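Here is a short tour to read alongside the structure. Keep the viewer open and follow the topics in whatever order suits you.

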Amino acid sequence: MIPESFIQDLLARVDIVDLIDGYVRLKKAGANYSACCPFHNEKTPSFTVSPTKQFYHCFGCGAHGTAISFLMEYQGLGFVDAVKELAGKVGMQVPEQERDSRPEERGSLRQLTEIMGRAAQYYKDQLKQSPRAIDYLKGRGLTGEICARFGIGYAPDGWQNLAAIFPDYDAPELAAAGLVIENEQGRRYDRFRDRIMFPIINPKGEVIAFGGRIIGQGEPKYLNSPETPIFEKGREVYGLPQARQTLRQENTVIVVEGYMDVVALAQHGIGNAVATLGTATTPTHVQKLLKQVDRIVYCFDGDNAGRKAAWRALENSLEALADSKSVGFAFLPDPEDPDSYVRQFGKDAFRTLIAQATPLSDFLLRELGQRCDLTSSEGKARLIHEAKPLLGRLPTPLLRLQLVKRLAEASGFSQTEVERLCDIRGYAPPAPPKAPRQPPSLARILLRLVLFDPALARRIPIAALPPGQERGILAVIQERLPALPPRPAYAQLRESLRGHPVEGPLETLAGELLDRELDEEYVATEFAAALARLEEGSQKAAFAALQAKARQFGVAGLSEAEKREYLTLLSQKKDL
């Protein structure tokens, strides 16, 4: 784990404006900077960066966070990797505390990535020495430039070729990395032999696995690395680092089935394709991709296997969808795959195919309709039965409403009946006019001021505040302050609350205050006034309670301490 103190020091040294401007061109807009949001497609800038508060906020999609958050979202990095990336930019060395993991795991991940990197270089060197492998790649229409871009290599035929670069061929790390296999007799041999090698790269640019394609005939056609401590198939996609720039330009990612498909499409100028790694598309894949773009198009063969793969992709896409995102399906004519199609028909034809992809809703209804006899009552009932679990997984109210309407048309049920049968809450009638806006509570005023100067939270008597969300957030902030610098910035406070339940409400409130710039004197004056009102309210409440008790039991019913407090408050009230 990375020490909290280091994260705070890092944020104090980073200028979020300089950081983001290196990825997205920012323009001065009053006290802040603005740009079109890099996290969703828009024409009018709604992405704002505050140099004083050191955070960004998009009023369009709600993206919000610190410099660390930006690298996590923009580059698809995990928290630790984002911190390391940011630290490298300002010349800081990340210290790491010992993790509560097994001893054999500590320090081994870096060793495994180093081993994989050496293996990748070995395979690239071997490709240069293999006319047969070079001829194969040329026959597939690939140039040396595109092979270098994807780091393509060649694993020569033979049993223990990796011994040439790993003298300790029996080292346990080689097996842990998935490079060698050990048979029942204890003899080791290379996993990849006589195969074109496609390195799988993580967001940091490290090789974490390989996919190997056989040259010529043989089975399996593709051989993939097993899951290892540094590689999980359900989380990684092939070609994402190489596609990142094009993804931002196109705002669409094309998901294909094979490594060669990705490389062939890139060779023909279609650089926004990625592939899953010998497994079906998972919800994690979908979530990762929809952080990069607003549209996913699955491109599969048009045969039964391709349609089954497409249906699995649909099922795993449902829960990750948002009304601002879309998923489509493009099916190639038999017997084409993306590689052969783009070589035969060209880039423009392939782009047209992707542009005209079948929307998820159409594909879903078409597939369900083919399973049911819609000319019979039983078939119409089955249609609703099949659709129910799918609708229940959709988090997008607008798309779900459209599907409900179309299911009602196809089944003969009314929209209300479909919603009831599928356990979907119908849409309520328009709400009555809103009551006049109430002024913010004292707790909310204090919380807003704390977001300008978090150190002020130390002086707030939390117990004197009425119960509510703002009181809870202020209590959490007060608890976190001892671990923060004496005068923390909002970004430092925000980062210390990463993953905490108050994170969301805090972001919302900070976004509302983004365009307000208050000087220290104003904040201090307003805070003092708010504390005075809080104290006055506490005194009134205490006086009212004592007065009620005195009326009920007489002054004699008060304790000596209560009598003294009552007289003091009564005197203060008279003075006022």
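**Salt bridges and the overall picture**

Across the whole structure, a search turns up 17 salt bridges. Please bear in mind that this is a predicted model. The protein contains 24 helices and 16 strands, and 47% of its 576 residues count as buried.

**Charged pairs**

- Arg188 and Glu182 meet through their side chains in a salt bridge, at 3.1 Å from N to O. Arg188 counts as buried, because its relative accessibility is 8% and the cut-off for buried is under 20%.
- Glu250 and Arg351 form another salt bridge, with 3.8 Å between the closest N and O atoms. This pair links distant parts of the chain, since Glu250 belongs to helix α9 (residues 240-250) and Arg351 to helix α14 (residues 347-355), 101 residues apart.
- Both partners of that pair can be placed by their accessibility: Glu250 is partly exposed at 36%, and Arg351 is partly exposed at 30%.
- Lys388 and Asp423 also meet in a salt bridge, at 3.1 Å from N to O. Here too the pair links distant parts of the chain: Lys388 sits in helix α16 (residues 377-392), while Asp423 lies in the loop between α18 (415-421) and α19 (442-452), 35 residues apart.
- Are Lys388 and Asp423 buried or exposed? Lys388 counts as partly exposed, with 32% relative accessibility, whereas Asp423 is exposed, with a relative accessible area of 61%.
- A network of salt bridges links Arg140, Asp339 and Arg343.
- As general background, side chains of opposite charge can pair when their charged atoms come close.

**Nonpolar cores**

- The largest nonpolar core has 61 residues, and Tyr123, Leu179, Phe210 and Tyr238 have the most contacts inside it. Helix α5 (residues 108-128) gives the most to this core, contributing eight residues.
- Another core, of 44 residues, lies apart from it; among its members are Ala310, Ile384, Leu403 and Leu407.
- In soluble globular proteins, nonpolar side chains tend to be buried together.

**Strand β9 and its neighbours**

- How many of the seven residues of strand β9 (residues 195-201) are buried? Seven of the seven are, so the strand is largely enclosed by the rest of the structure.
- The side chains of β9 take two directions: Arg195, Met197, Pro199 and Ile201 point one way, Ile196, Phe198 and Ile200 point the other way, and all are buried.
- Strand β6 (residues 153-155) runs antiparallel to β9 and is joined to it by three bridges. Tyr154 has Ile196 of β9 as its bridge partner.
- Strand β10 (residues 207-214) also runs antiparallel to β9, and seven bridges join the two. In this pairing, Phe198 stands opposite Gly211 of β10.
- The hairpin of β9 and β10 has five residues between the strands, and Gly205 takes a positive phi near 90° there.

**The five-stranded sheet**

- An open sheet of five strands follows the order β1-β2-β3-β4-β5, with antiparallel pairing. Its edge strands are β1 (27-29) and β5 (64-65), each of which pairs on one side only.
- Within the sheet, four bridges join the antiparallel strands β3 (residues 47-50) and β4 (residues 55-58). Thr48 stands opposite His57 of β4.

**Helix α1**

- Which residues of helix α1 (residues 4-13) are buried? They are Phe6, Ile7, Gln8, Leu10 and Leu11.
- An α-helix has 3.6 residues a turn, so residues three or four places apart point the same way.
- The buried residues of α1 pack against α3 (67-75), α4 (79-89) and α21 (490-496).

**Cysteines, contacts and surface**

- The structure holds zero disulfides. Cys147 counts as buried at 8% relative accessibility, and Cys372 is buried as well, with a relative accessible area of 7%.
- Among contacts in the protein with a separation of 6 or more, 63% are between residues 24 or more positions apart.
- The protein exposes about 28,900 Å², and carbon and sulfur atoms supply 50% of that area.

Note on methods. Residues numbered from 1 in each chain as written. Predicted model: local features only at pLDDT ≥ 70, side-chain atom pairs only at ≥ 80, totals over all residues. Heavy atoms only, no water. Core = buried A, V, L, I, M, F, W, Y, C linked by side-chain atoms within 4.5 Å. Buried < 20%, exposed > 50% of the residue type's maximum accessible area, 1.4 Å probe, protein only. Pairing = 2+ DSSP bridges. Contact = heavy atoms within 4.5 Å. Areas by Shrake-Rupley, 256 points an atom, 1.4 Å probe, with all protein chains shown as cover. Disulfide = S-S within 2.5 Å. Salt bridge = Lys/Arg side-chain N within 4 Å of Asp/Glu carboxyl O.
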